[in-house]
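Here is a walk through one protein chain, from the whole down to single residues. Keep the sequence and the 3D view side by side.

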Amino acid sequence: MVTLWLFVLWLRFSWRRNGKFFNIVKDPRVTMRKRSGTLEIGFRSGGRPEDYEGEYQCFASNDHGVALSNKILLRVSKAPLWPKEVLEPVVVTEGSPLVLPCNPPPGLPPPFTFWMNSAMTPIPQDKRVSMGLNGDLYFSNVIAQDAYTDYSCNARFLFTHTIQQKNPFTLKVQTKEPYNDTSYNATDPYGGRKVAESTPTFLSPSGSESSKMVLRDEQLLLECIAAGLPTPAIKWFKKGGDLPAQKVKLENFNKTLKIVSVSEEDAGVYVCMANNHLGSIRHSIFVQVKAAPYWLDKPTDLVLAPDENGRLVCRANGNPKPNIQWLINGQPIDSSPPNMNREVLGDTIIFRSVQMGSSAVYQCNASNQHGYLLANAFVSVLDMPPRMLGPKNQLIKVIENNRTFLDCPFFGSPLPELRWFKNGQGSGLDGGQYRVYINGTLEIKRARAEDEGTYTCVANSILGKAENQVRLEVKEPTRIVRAPEHQSAIRGSTVRFDCKVKSDPSLPVTVAWTKDDKPLNHGWRLKKDDESLTIPNVNEGDEGAYTCTVKSEIDQDSASARLTVLDRPDPPMDLDLSDPAARSVRLTWIPGNDHRSPITEFLVQFEEDRWEPGRWRNLSTYPGDLNSVILQLAPFVNYQFRVIAINSVGQSQPSRPSPRYKTTGAAPDAIPRGLRGWGSKKDNMEITWERNGANLHYCVWWRRKDTGEEWSNVTTVGSKHIVQNTETYVPYEIKIQAINNVGSGPESNVVIGYSGEDEPTDAPTDLRVSKVDINKTYIHWKPVDPNSVRGEFKEYRLYYWRESSLVPGLVVSKEKKTKGFYSTMAEPSGILSDLVPYSKYKMFMVVANSRFEGPRSNTVEFTTKEGVPDAPRFFRINRRSFDTIYLEWDKPLEPNGILIGYRLKYQIVNGSREGREQLATFLPNATDFTLRLPDRSTRYKFYLSALTQVGAGEVYAEESPNQTKPTFTYIDQVDIATQGWFIGLMCAIALIILILLIVCFIKRSRGGKYPVRDKKDLPLDPVDQNNQDGSFDYHSDEDNKPLQGSQTSLDGNVKESDDSLVDYGEGGDGQFNEDGSFIGQYTVKKDKDETEGNESSEATSPVNAIYSLA
């Protein structure tokens, strides 16, 4: 690495103008800035800028050499005026081509040209009329509308910010036929006049071929403008290949081809073709790409130690190939004193065994006719041991899996060799995961946790050694693991944006929120915590993009979400009424702001000032994309309207009311709905309908159907008319018409109504049954005369009930049931189902019209056959001991026959596996069964069904419960005789018992009675049995019973109760009785086999313990 600051001495600056020394001191207008070579030329005190035009070059020198700047060409910007000229009017024949020249005055830099009229409006340009690259205005063909008096070319000089305007052209167009402005249209610009058509010709460039030279990296502009009628279309091609689509851009209606940055491959022949329906023409443009010099290998500074070798390389390319010239300290190297240690070989200078004092600045000048390049390279010969230039013992923190660079800037001459070591061990780091750059930087391609440690860079040369250390720490990345999500919220609600962060524990992080890329002012309303941002009571000002940014000292992460605030729409505005008609009007409105929730519909309401003034009622709803509707109205009503907008959030406030609109009178245009005739009595017919407006009368007509009689009619204001003295259930033809003061409405269609119904006079006859089955039968009857129904025939209605069951002693319900049969056949029949088997039924039948039932038919009795019984009423399984199951059931509610017994199927189940099925049968009076289990863990599945002669009934399935715990206390004895505390406790108990024995014998010798029952835990009979010798018998009839509250299994086994406290005693030795007394100390240890035998599980009483210890 080269550092020039080690050798910086006081610099001296000088300038040359046009290749000669420029004496700054003698010119008062020229100054040079202090500590800089910048030249300033001032004209405030006078002087002409043109006097200072020329080519300038800066020279910077010190004791080690001279450096040169590039040459600077100074020119004064000019904005010359257009020469005064008188322009004659331009006369052209319609359809001919035309070019209006611009010829702007030459300026520095060249001006930007454009065409305008006297109103400062740009001249419209299209494929027919356009401006060329030279500023001229081209007309492919002239039309009469081109005749203006003020075509003016303008030149804008960018550097001086001035615009110069040329005298305007006046264009006169000669037409062969009269011209009328109104006849112009875009599809026929000649207004139907006959104008001679012409084949395409080129206005620019001329001829069939031309050439164009462009420099590398500059912009290429090719232009083809053609004349002809109709206006020719322009197309571009490249010979020998396609146009580079990514680089080529067609402008000015395809008349200009543009390539922004030209390269050598863009050279070639470009062809433009102009064609219309009369023919085509081509022009070829030969494009040459030249190049000013450009660097291939630019010379760089060189630091050499004494007796070292080195080289300077200066390679450049261009078209034509540039000439390479070497200079030393600003002078041609050929004119400098010879140096045996230096050899110039074209574009390379070779140094051999350089010596102290030969430092200099070398310049390389590469030039051709299109430009030149100049580069300075400082060759420094010095002798210096290695030294580190960066900070000492730097700490670098990086994110895991990231590429990492550890810098180690160093210097030395000769150039030291640099190596890296990790934790002061091993060989140098290079290759694989590591890469060492020439400037000393160590790259770790993907930092991992194991890459943490201390890295040492060591620079070695023959003059010594220098080293530096860098401490690397690898951290977990800072990441947002739960990012905010886009939300749409209703105004006034609460929004929460999540931003949960995971980061390295050793890196403090900060979480910041921005809104629309601006810092978010939390204020009193917004609430921020470590994982979220809460916005209560959101409003429109809260809408925007919220970004959560979490930063640590070495990395950051961010996530964004957008909040959209929804609200009810604003009320519609500017209600307007138009298109008035007698019964309608058009209502138009302007929708209000929908607040980002589209309006789905509009509700139009109305208010009238006669019947219910001030009350707004709904008229109709319309889709949300409409804002103009025709309202259908009623006559004689003074309306006003308002509109309510509705979106997904809710309804807007109502709009301001519209002006009032009063409908005029008109004849009704609607037919009353709901016209019908029916009889409320047997000798009348009620005609009813729905009213369809106010101030209406109704004219009603009726007559007997199919009699040919005249229509009867009545006019009424109500909605009902009753026709009296009618025959029973006869058809009438009915029609209606609405009438108001203006006229009559349309008549309705004729509807058929009927007068009132009466009770049927006949009964169905010969009611009988056939094919009686278990639960159904077929029924037959003879129909009645239709005229006897005296109304609308509805059905034959069958009444039936269960008279009794054939099962002795079974009480049944005699509730009547009905079933309807609609049949007009001569020999009707039907099926009566859902009957109870083995029962006696009765039934009769009537005929029914809409209001009445007729007389009863004959009553029929029949008996259903025996069937299979229902399931047993209940089926319970109880487990009363470890190896016994008790089954209990009850008879079915409906035996459906004579029970002959029960069938029980059962099988052992073990999870999803089932054992062999076993069968047991029982007499009809059996209702329980006891099953002994082969093993206490065995489980069974039972299937129980009742039997009749027909077969087995519905199965009742149950599964035996898991092994249950009896409710009595079962004391599991544990051998605690070896416990030290137990031995001490038993000794104390023995002493207490001994004292009790002494007291007992003393009381006995005195003839007293000892209240033993008060001290016993077990209940005794109310009266103690006294032996003849005066002693007490403590073995009452209850001695062989279990403890109070316990339950003994069928075989005498005892299981520990659910409420036993054995689980809470110390070591499991202590036992508690149900009353909480400690009884473990009174129990006598039994072997496990003994406790599981047939002996009683009764706990030993204290008195028995006394005798056992005595």
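UniProt annotations may be inferred rather than shown by experiment, and their positions are given here in the numbering used for this chain. Keep that in mind for the record's entry on this protein. The model itself is predicted.

Start with that entry. UniProt, in an unreviewed entry, places a "transmembrane region" at residues 981-1002. In the model, the span 981-1002 is 100% helix and 0% strand. Its end C-alpha atoms lie 32 Å apart.

Now step back to the whole chain. The secondary structure comprises 84 strands and 4 helices. There are 1110 residues, and 41% of them count as buried. The accessible surface amounts to about 62,100 Å². Carbon and sulfur atoms account for 49% of that surface. Take the contacts between residues at least 6 apart in sequence: 64% of them join residues at least 24 apart.

Next, go to the second largest pocket. It holds about 490 Å³ of space. The lining is made of 27 residues, and those closest to the pocket centre are Arg583, Ala634, Pro635, Asn692 and Gly693. Two strands each give two or more residues to this lining: E55 (601-608) and E56 (617-623). By class, the lining has 14 nonpolar residues, 8 charged ones and 5 polar ones.

Two single residues complete the tour. Asn365 sits in strand E32, which covers residues 360-368. Is Asn365 buried or exposed? Its relative accessibility is 17%, and the cut-off for buried is under 20%, so Asn365 counts as buried. Which residues does Asn365 contact, once neighbours within four places in sequence are left aside? On one stretch of the chain, they are Asn323, Ile324, Gln325 and Leu327. On another, they are Tyr372, Leu373 and Leu374.

Gly915 lies in a loop instead, between strand E78 (913-914) and strand E79 (918-922). Its relative accessible area is 31%. That value falls between the 20% limit for buried and the 50% limit for exposed, so Gly915 is partly exposed. Not counting residues up to four places away in sequence, Gly915 touches Gln907 and Ile908. Lys941 is 26 residues from Gly915 along the chain, and the C-alpha atoms of the two are separated by 9.7 Å.

Definitions and conventions:
Residues are numbered from 1 along each chain as its sequence is written. This is a predicted model: local features need pLDDT of at least 70, side-chain atom pairs count only at pLDDT 80 or more; totals for chains, interfaces and linings use all residues. Side-chain values use heavy atoms; hydrogens and water are left out. On a 1 Å grid over the protein atoms alone, a cavity is a set of points where a 1.4 Å probe fits but cannot get out, and a pocket is an open set with protein on both sides within 12 Å along at least five of seven lines; lining residues have an atom within 4 Å of a point. Grid points are joined across faces, edges and corners, and a volume is the space filled by probe spheres set on the points. Ala, Val, Leu, Ile, Met, Phe, Trp, Tyr, Cys and Pro count as nonpolar, Asp, Glu, Lys and Arg as charged, and the others, Gly among them, as polar. Buried means under 20% relative accessible area, exposed over 50%, partly exposed in between (1.4 Å probe, protein chains only). Contact means heavy atoms within 4.5 Å. Accessible areas come from the Shrake-Rupley method with a 1.4 Å probe; for residues, only the protein chains shown count as cover.
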